[in-house]
Amino acid sequence: GFGESINPDESVAAARRSAFSNLRAYNVPTNGRPLTHMLKGKYNKALVLINTRKYNDCVGNPYLGVACKWLGLDGITVKVHGNRNPLSVFPAFMNALANLRTEEQVVYGLGITPQEFKSNMKPFYTRAYGNRGVFGLN
């Protein structure tokens with residue numbers, strides 16, 4: 001957060017209050033691939049696209065790649081379009097993570113159970129995603 005004051009202690013306290021008022025929690029699964037779909041976030045003129053990747057590394061924007069490693073997201077590509085100012089890119093990245101859905105949320109949105117999805121749709125998704133382990137279907 002940011003804080004302004006003549007006294008440095010007051011500005012630090014204001015910055016701390018501002019930072020703690022914007023804390024968010026994200027449910028990032030740790031088994032298999034964490035992404036079930038492409039994530040898109042916008043803020044001002046910055047557009048951040050997060051997609052799954054075949055290999056277990058983060059490529060794309062260097063700052064967001066480090067942030068993804070801190071969050072435990074492996075095997076993804078982070079692309080930034082438009083404004084590349086960090087003060088616009090990081091809120092766009094957080095807005096993209098707000099769209100993160102688990103496998104169960106995606107499958108129940110389709111109207112089937114995860115067991116039905118894995119038994120009926122696994123060959124299609126294996127072929128479509130090129131053995132990238134989407135939904136942990138290796």
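**Reading a predicted model, term by term**

Biologist: Why are α2 and α3 called oblique to each other?

Modeller: In this predicted model, helix α2 (residues 62-71) and helix α3 (residues 86-97) pack at an angle of about 40°. Angles under 35 degrees count as roughly parallel, and 65 to 115 as roughly perpendicular. The angle of about 40° falls in neither range, and therefore α2 and α3 are oblique to each other.

Biologist: What else describes how α2 and α3 pack?

Modeller: Their axes are 11 Å apart, and the crossing of α2 past α3 is right-handed. On the α2 side, the contact is made by Y63, L64, A67, C68 and L71. On the α3 side, V89, F90, F93 and L97 take part.

Biologist: How do the residues of this contact divide into nonpolar, polar and charged?

Modeller: There are 9 nonpolar residues, no polar ones and no charged ones. Tyr and Cys count as nonpolar, so Y63 and C68 of α2 belong with the nonpolar residues.

Biologist: Which strands make up the sheet, and in what order?

Modeller: The sheet is open and has 4 strands, in the order β1-β2-β4-β3, with mixed pairing.

Biologist: What makes β1 and β3 edge strands?

Modeller: Each of them has a single partner strand, so one side of β1 and one side of β3 (58-60) are left without a neighbour in the sheet. From one strand to the next, the twist averages 15°. Helix α3 packs on this sheet and touches β1, β2 and β4. The direction of α3 makes about 140° with that of β1.

Biologist: How do you know that β1 and β2 are paired?

Modeller: At least two bridges are needed for a pair. Strand β1 (residues 39-43) and β2 have 5 bridges, so they count as paired, and the sense is antiparallel. One of the bridges joins K40 to L49 in β2. The hairpin of β1 and β2 has 2 residues between the strands, and N44 in this hairpin takes a positive phi near 50°.

Biologist: And what joins β2 to β4?

Modeller: β2 and strand β4 (residues 76-82) run antiparallel and are joined by 7 bridges. With a requirement of at least two, this too counts as a pair. V48 stands opposite V80 in β4, and L47 has H81 of β4 as its bridge partner.

Biologist: Why is β2 described as largely enclosed?

Modeller: A residue is buried when its relative accessible area is under 20%. In β2 (residues 46-52), 5 of the 7 residues are buried, so the rest of the structure largely encloses this strand. Across the protein, 33% of the 138 residues count as buried.

Biologist: Why does V107 count as buried?

Modeller: The relative accessibility of V107 is 0%. The cut-off is under 20%, and V107 is therefore buried.

Biologist: Where does V107 lie, and what is it in contact with?

Modeller: V107 belongs to helix α4 (residues 103-110). Leaving aside neighbours within four places in sequence, V107 is in contact with I112, T113, P114 and F117. F117 is 10 residues away from V107 along the chain, with 7.0 Å between their C-alpha atoms.

Biologist: How many helices and strands does the protein have?

Modeller: There are 5 helices and 4 strands. From the N terminus on, they follow one another as α-β-β-β-α-β-α-α-α. Among contacts with a separation of 6 or more, 56% involve residues 24 or more positions apart.

Notes:
Residues are numbered from 1 along each chain as its sequence is written. This is a predicted model: local features need pLDDT of at least 70, side-chain atom pairs count only at pLDDT 80 or more; totals for chains, interfaces and linings use all residues. Side-chain values use heavy atoms; hydrogens and water are left out. Buried means under 20% relative accessible area, exposed over 50%, partly exposed in between (1.4 Å probe, protein chains only). Contact means heavy atoms within 4.5 Å. Axes are lines fitted to C-alpha atoms, for helices over the stretch in contact, and angles run from 0 to 180 degrees between N-to-C directions. Angles under 35 degrees count as roughly parallel, over 145 as roughly antiparallel, 65 to 115 as roughly perpendicular and the rest as oblique. A crossing is left-handed if the near helix is turned anticlockwise from the far one by less than a right angle, and right-handed if clockwise.
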